[in-house]
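I opened a fresh page to work through one structure at my own pace. I wanted to look at strands, then a helix, then some loop residues.

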Amino acid sequence: MSWDELLDHGDEPFDLSFPPVRGVHPSLTLKTTIVLACDDQDGALSDSLVDCRIARDTDAGHAQIVEYVTSENVSHLNAALEHFQLVLDQCPISHPDHATALTNLAYARLEGYARNDLQDIDGTTSLFRDALALRPQRHPDHLLSLYILTEALTWRHIKKDTAADIREAAQLYHELLPLCPEGTYLRSIAAGANGVDYVIRKCNNLPTDASDEGIHLRRVVLELCPLGYQRRSRALHELAQAVLARFDQHGSIDDIDEDIQFRREAVFLCPEGHADRDVYLSNLAFSLVSRFDHQGKPNDLNEAISLFEEVLRLCPVGYESRDFSLDNLGGAFITRFKKRGDIDDITRAISLYREALTLRPPGHPRRDTTLNNLASALQTRYDKLDVSEDLNEAIDLYRESLRLTRHDDPERHVNLFNLSSVLCSRFTETQENEDVEEAITLCQESLAALSSLHPHRYFSCMWLQEAYLSRYRILHDPADLSLAIENFRLGSRHPTQGFPERIIHAFNWAVTVEQHVHGSALEAYSTFFELLDAHLATRSSATSRREAASSFHYARTLPVDAASCAIRCDNLRQAVELAEQGRGQQWSLASRLRTPVEDLESANPNLAHNYLALSKLVSNAAQSSSTITDRAAADRAATEYRRLTRQWDAAVAEIRDLRAFSRFLLPPLYEDLQTAARQGPVIILIASQYSCSAIIIPTSGDPHHVPLPSVALADLKILKDRFTRAIRHASIMGPKVPRNDLIVLLRIVWDVIMLPIVNVLQYDLKLKYHSRIWLCPTAAFTSIPLHAAHPFKTNPDGSKEQCLEDLYICSYTPTLSALVRSRQGMKRRVTPSFVTIGQGQPGGGKGKALLAVDSELELVHKLVPATASRTTISGDAATRAGALEALQQNTWVHLACHGKQDPAQPYDSHFVMRDEHLTLLDIMERDIPHAEFAFLSACHTAVGDEETPDEVIHLAAGLQFSGFKSVVGTLWEVDDAVAQHCCQSFLHEYVRRFEGWCAMDCTKAAWALNRATHAVKTKVPLEQRMVFIHIGV
């Protein structure tokens, strides 16, 4: 186009089109302007002339660059650089074209660098950076400057392989691409093979970096790989590797969860037939095993084994990486064997390792690994079956593996502590001193090779402790015991090891110090409870917390053993604190989101509001996560739950900064727990393998210790079984037949358990007759009807000797904290309302018909005055939903139906309704702060849990947890006609004493039950009188 043609357009803009390039049709929109110089505008004329020289030199430079690219003659490059330098000299920083001049000069130099005709790439890159600084966001050339800077960084990486350049290029592309619309020329070249694709490929080849900066880079690269992009699976893998490495360093649950999420997506992107599917499956399985080691979730281990088995199927005999698949699957089987003890698992693991060893003959670079793995499997089988041949072969294999491992191998410490552990085992068997000396040396060497936060320091401490302890058991040197205890301490507190391993370590510590009478016993018990509490707090639902707790079933006696230890140390206050902390973890973790905050609201309303809001969010997240079945979704829900929990923890920490709330939600001290005894003493009954005794907490002052020298834990277990048989036998006897077996047993309970306690109450505490007392039984005591203790003796004057219920009004409490919470709840009272819920005709297969239910409901309805708000729900209306709604809307509840305690899954314990069961978990998930009293005319409503007996997880305790301050429940099966009779007597006594419900006071329920029991003595068999107990205020 000639100048005349340009000028013909006048002031109107016009488009200038160019031939297509790479499918893009470039064009420019131009506008011409004629500038005339006047005689009196010398400055303007001078500027115009300068601009003309700039334009001329710029055009000349571009022409020379074109010639250089075409001919590769360096003289043209030098000429271009000279022209562009002249332009830059004429465009100072203040000149509007300074950035353009910088860019032109830098681009010419980059062309020369790319063709090896120039070497100064650093100066070139600096010019591009200067230009970009002058073209901030929203500048029309900002995107161009971003792109050409990435080009310079890419070329420098190509020539010098500098990791910093490729990292920066990735960050720049991350900023550039979202701003480049699809279809533009810049987008086409930036997204091409020589652009972002090259950067992604090179970033994926960078070594794993677990730092925050390294993980951020991996996230940037992943965002550069949208769904459908061929390199996304590799980017997911590299990000997962970095996050997993950080997990290994710091042990954050969020990291391992996120790692697994990334690996699940990578597997999804590699369907069957994909060349890399076996690799991504193995990686996911490894991460699941890591999470199992850290959190102990059985589903993770089972899924990992399934994945490893699929990988092995993808690697048939002759496949080059079959040895890896064999090794990996063998390791997972060993892990499951240690958890379940199934011999088939360890047998198969050994078989897999032996096959893998044949695939790694002498000289193979990974033979040492398989030798170590096979030795570990043989050692594990020896520990279970005690076969000496396994032990000796394991030692030989460990030694060969260590011999093949280089001294600078980062995993050499594993061989060291593994050989140490098996030498300790042989020392225990043979007492050859050189074995234990070598074991100690090997462990010390492994510790020296590890950083202070390395996760494997835990194992080195564990085996060093075992070595010192083994030597102590033979030589009895106190220094060895002290060194063993110190390594117990270090291992259980190692921050980057998962909770399950550390909990086991703390348990072994407690057992060891009890065996050898060491002064760190109370520290060991406290450490165990702290670790278990922290572990359970990571679980979002009540059922998952119980599942996690029951996996440490061997430690279920620790709460009472800890209390017994504190008693033997003459520290009764700590005995009370440890018994409470160890026994009430399930309830305390669930209740922490429902802690009353009236005092906090007065002191700091903002903190109180924030705490309550976060408590609601955490509670909702916990309830929603319990219904998720998809594993990936469950992982995401668990991560979200922990995110909210961290916010909740931060809010709690802020509250604790207030002086008056410094112990907010911390395990209560004795002074806090003593408020449970405000209306009468609380008696904790400790049933430990070391001693059985009682601690009486008075209204004020120090606790009182009551030794029970005539009873041991074994005696209590026998007594429990005898009661079970006697009650079962009584249920088929006629109502008038004497219950001689029960009488004998209740006399034993009086003589050896309750009489020593009554003596202290009467003579030391001077407790008045008919005062309230609360029983808080532990372990085997929870299965014995302590309230029914009776001497069944006649005094010389012919009068009957008084029994416990003649002397005092007895109630139970699951824990001291439960009673404290119920007392606090009494501050918030509303107008009472009464509902009776009855289901005598449950749905098919849910139990026999209860013929007396309707008449019981009618009786209760008559006894409740018309002035009280009262409702009856029965028949078809007595459904799960109807019962839950009634529980939430009324303060007093009478429930007549079948009740079923599930000893294996206590949260599934339930009341039988017309349609679905009303479960303990249903009740616990409802917060009913204004509820007051519940009469449970149903079977098995106050019977605890076999796996976690000290948690007292039963229906009556669940109602108390949800808000009911006072509950009457049953210990075993109750005849519905008898239940009606007892209920009638209870209500008659209540009405007679309290003048027709003028004041519905749930704190009087225990008195009414006591009177009712006396009133039916001649009408109701002994076992049916004993069945009802009172729990709460």
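The entries below follow the order in which I looked things up.

**Entry on the model.** I noted before anything else that this is a predicted model, and I kept that in mind while reading each feature.

**Entry on a sheet.** I looked up how the strands of one sheet are arranged, and I found an open sheet of 3 strands in the order 11-12-13, with antiparallel pairing. The edge strands are strand 11, residues 899-900, and strand 13, residues 918-919, each of which pairs on one side only. I then followed strand 12, residues 910-911, and saw that its antiparallel pairing with strand 13 runs over 2 bridges. Within this pairing, Phe911 has Leu918 of strand 13 as its bridge partner. I reminded myself that strands of a sheet pair through backbone hydrogen bonds, and that this can be done in a parallel or an antiparallel way.

**Entry on a parallel pair.** For the parallel case I turned to strand 6, residues 772-777, which pairs with strand 7 in the parallel sense over 4 bridges. Here the bridge partner of Ile773 is Cys810 in strand 7. Which way do the residues of strand 7 point? Along strand 7, residues 809-812, Ile809 and Ser811 point one way while Cys810 and Tyr812 point the other way, and all of them are buried. I set beside this the general rule that side chains in a regular strand alternate between the two faces of the sheet.

**Entry on a helix.** I next listed the buried residues of helix 37, residues 853-863, and these are Val853, Glu856, Leu857, Leu859, Val860 and Leu863. Why do they lie on the same side of helix 37? They do so because they cover an arc of only 160° around the axis. On the other side of helix 37 I found Asp854 and Lys862, which are exposed.

**Entry on two loop residues.** Finally I looked up two residues with a positive phi. Val517 has a positive phi of about 50°, although it is not a glycine, and Val517 sits in the loop between helix 23, residues 499-516, and helix 24, residues 521-537. I also asked whether Val517 is buried or exposed, and with a relative accessible area of 74% Val517 is exposed. Phe792, likewise a residue other than glycine, has a positive phi near 45°, and Phe792 lies in the loop between strand 6 and helix 35, residues 804-807. With a relative accessible area of 28%, Phe792 is partly exposed.

Technical notes: Residues are numbered from 1 along each chain as its sequence is written. This is a predicted model: local features need pLDDT of at least 70, side-chain atom pairs count only at pLDDT 80 or more; totals for chains, interfaces and linings use all residues. Side-chain values use heavy atoms; hydrogens and water are left out. Two strands pair if DSSP finds at least two bridges between them. Buried means under 20% relative accessible area, exposed over 50%, partly exposed in between (1.4 Å probe, protein chains only). The arc is that of the directions from the helix axis to the C-beta atoms.
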